[in-house]
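Hi everyone, thanks for coming. I'd like to walk you through one structure today, so let's put it up on the screen.

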Amino acid sequence: MVLAAAACGQSPSGSPGGAADGNAKVGVDFPRADSDFWNSYIKYVPQFGKELNVNLMPSTNSQNKVENLVANVQTLQGQGAKAIVMAPQDTGAIATTLQRLEQQRIPVVTVDTRPDSGKVYMVVRADNKAYGEKACAFLGEKLGGKGKVVEFQGALSSVNGRDRSEAFAKCMKDKYPGITVFEEPTDWEGSKAASALQTRLNQHPDIKGIYMQAGGVFLAPTLQVLRSTNHLLPAGDPNHIFIVSNDGIPQEFEAIRKGEIDATVSQPADLYAKWALFYAKAALEGKTFQPGKTDHESTIVDVGNGNLEDQLPAPLVTKDNVDDKALWGNQIGK
């Protein structure tokens with residue numbers, strides 16, 4: 001079923017005086033600038049803002065701190081924002097801000113993460129449980145169902161960290177009980193992942209797999225540790241450590257081509273920007289959506305509390321399809 005936006009016939013949220021205004025100002029807060037993935041997303045926002053004719057305000061960046069996000073949202077409101085696009089990294093701590101925005105009739109679109117509570121107009125995200133499941137299946141097959149794996153968990157204060165970790169753990173327990181998983185909390189920080197990997201390699205030099213929940217922050221420090229400990233061996237070497245990641249940044253693709261890592265789930269930075277801005281504009285125009293298949297190869301699902309989530313496709317990338325020109329990681333900067 002192709003979804004069409006349908007006007008409600010009621011005063012749309014964020015519309016001054018109850019009148020729909022698709023040209024009203026849209027404020028965007030970026031979550032951080034220390035990740036190659038998020039820096040790619042940042043580049044796509046103005047591109048799609050222009051393409052979709054969105055009245056974008058100068059953006060803010062919360063630098064992975066919820067207190068910055070709260071302050072930035074207030075600043076954007078003060079400057080006239082009638083809709084807000086945000087990507088809260090701590091999905092439990094943003095509830096009060098969302099409640100205030102709802103009361104003030106400011107529609108919110110969240111990108112990549114879904115708030116634990118609070119009302120939003122739309123969540124633009126991929127199925128993060130599928131990330132963990134795909135990583136589990138890949139490593140389980142490559143290791144033949146036995147061996148030791150290190151998992152760099154994202155922050156468990158984030159729904160993404162929880163979804164990926166829980167799905168990976170369940171899949172391993174159910175399908176590959178012969179694999180030992182060392183779960184390493186990182187709070188999405190590369191330095192914590194590097195330290196944990198160094199310790200595990202000292203204790204268990206026979207580690208055969210690594211799952212990085214975010215290549216944008218974990219790839220470089222992981223390769224550095226493996227290189228310095230003489231564990232960075234190419235695919236095909238009997239002592240190669242199989243590595244699967246999440247993000248789909250160009251650096252991961254290059255590492256796959258070199259045989260340094262083996263796979264990544266391509267998280268759609270381009271589509272996150274495109275559809276987040278699309279829904280922000282749709283909210284200002286008074287449009288509504290229903291659960292079901294969309295016309296852009298995704299599915300809108302009801303995630304409770306009256307919230308909808310557009311789950312965008314996120315394919316697994318290996319050496320077999322790493323050169324696919326349709327992947328955003330092969331397009332950005334060209």
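Let me start with a word I'll be using a lot: a residue is called buried if its relative accessible area is under 20%, and exposed if that value is over 50%. Please also keep in mind that this is a predicted model.

With that in hand, let's look at helix α8, which spans residues 250–258. Which of its residues are buried? They are Glu252, Phe253, Ala255 and Ile256. These residues lie on the same side of α8, because they cover an arc of only 160° around the axis.

So what covers them? The elements in contact with the buried residues of α8 include α7 (215–228), β10 (242–247), β11 (263–266) and β16 (316–317). Just after the helix ends you'll find Gly259, and its phi is positive, near 80°.

Three of those covering elements are strands, β10, β11 and β16, and that brings us to the sheet. It is an open sheet of six strands with mixed pairing, in the order β8-β7-β9-β10-β11-β16. At the edges stand β8 (179–185) and β16; each has a single partner strand, so one side of each has no neighbour in the sheet.

In the same sheet, β10 and β11 run parallel and are joined by four bridges. If you want to find one of these on the screen, look for Val244, whose bridge partner in β11 is Ala263. Helix α6 (residues 190–203) packs on the sheet too, where it touches β7 (147–153), β8 and β9 (209–212), and its direction makes about 165° with that of β7. As for α8, this helix lies across β10, β11 and β16, and runs at about 150° to β11.

Let's finish with the aromatics. How many aromatic pairs does the structure hold? The count is 15. One of them is Trp275 with Tyr279, a tilted pair at 6.4 Å centre to centre, with 45° between the planes. Both residues sit in helix α9 (residues 269–284), four residues apart, which is about one turn of the helix. An α-helix has 3.6 residues a turn, so residues three or four places apart point the same way. Are these two buried or exposed? Trp275 is buried, with a relative accessible area of 10%, and Tyr279 is buried as well, at 1%.

Finally, there is an aromatic cluster made of Phe30, Phe37, Trp38, Tyr41, Tyr44, Phe48, Tyr272 and Trp328. That's my tour, and I'm happy to take questions!

Key
Residues are numbered from 1 along each chain as its sequence is written. This is a predicted model: local features need pLDDT of at least 70, side-chain atom pairs count only at pLDDT 80 or more; totals for chains, interfaces and linings use all residues. Side-chain values use heavy atoms; hydrogens and water are left out. Buried means under 20% relative accessible area, exposed over 50%, partly exposed in between (1.4 Å probe, protein chains only). Helices (H or I, at least four residues) and strands (E, at least two) are DSSP runs, numbered from the N terminus. The arc is that of the directions from the helix axis to the C-beta atoms. Contact means heavy atoms within 4.5 Å. Rings of Phe, Tyr and Trp (its six-membered ring) pair if their centres lie within 6.5 Å; planes under 30 degrees apart count as stacked, over 60 as edge-to-face and the rest as tilted. Two strands pair if DSSP finds at least two bridges between them. Axes are lines fitted to C-alpha atoms, for helices over the stretch in contact, and angles run from 0 to 180 degrees between N-to-C directions.
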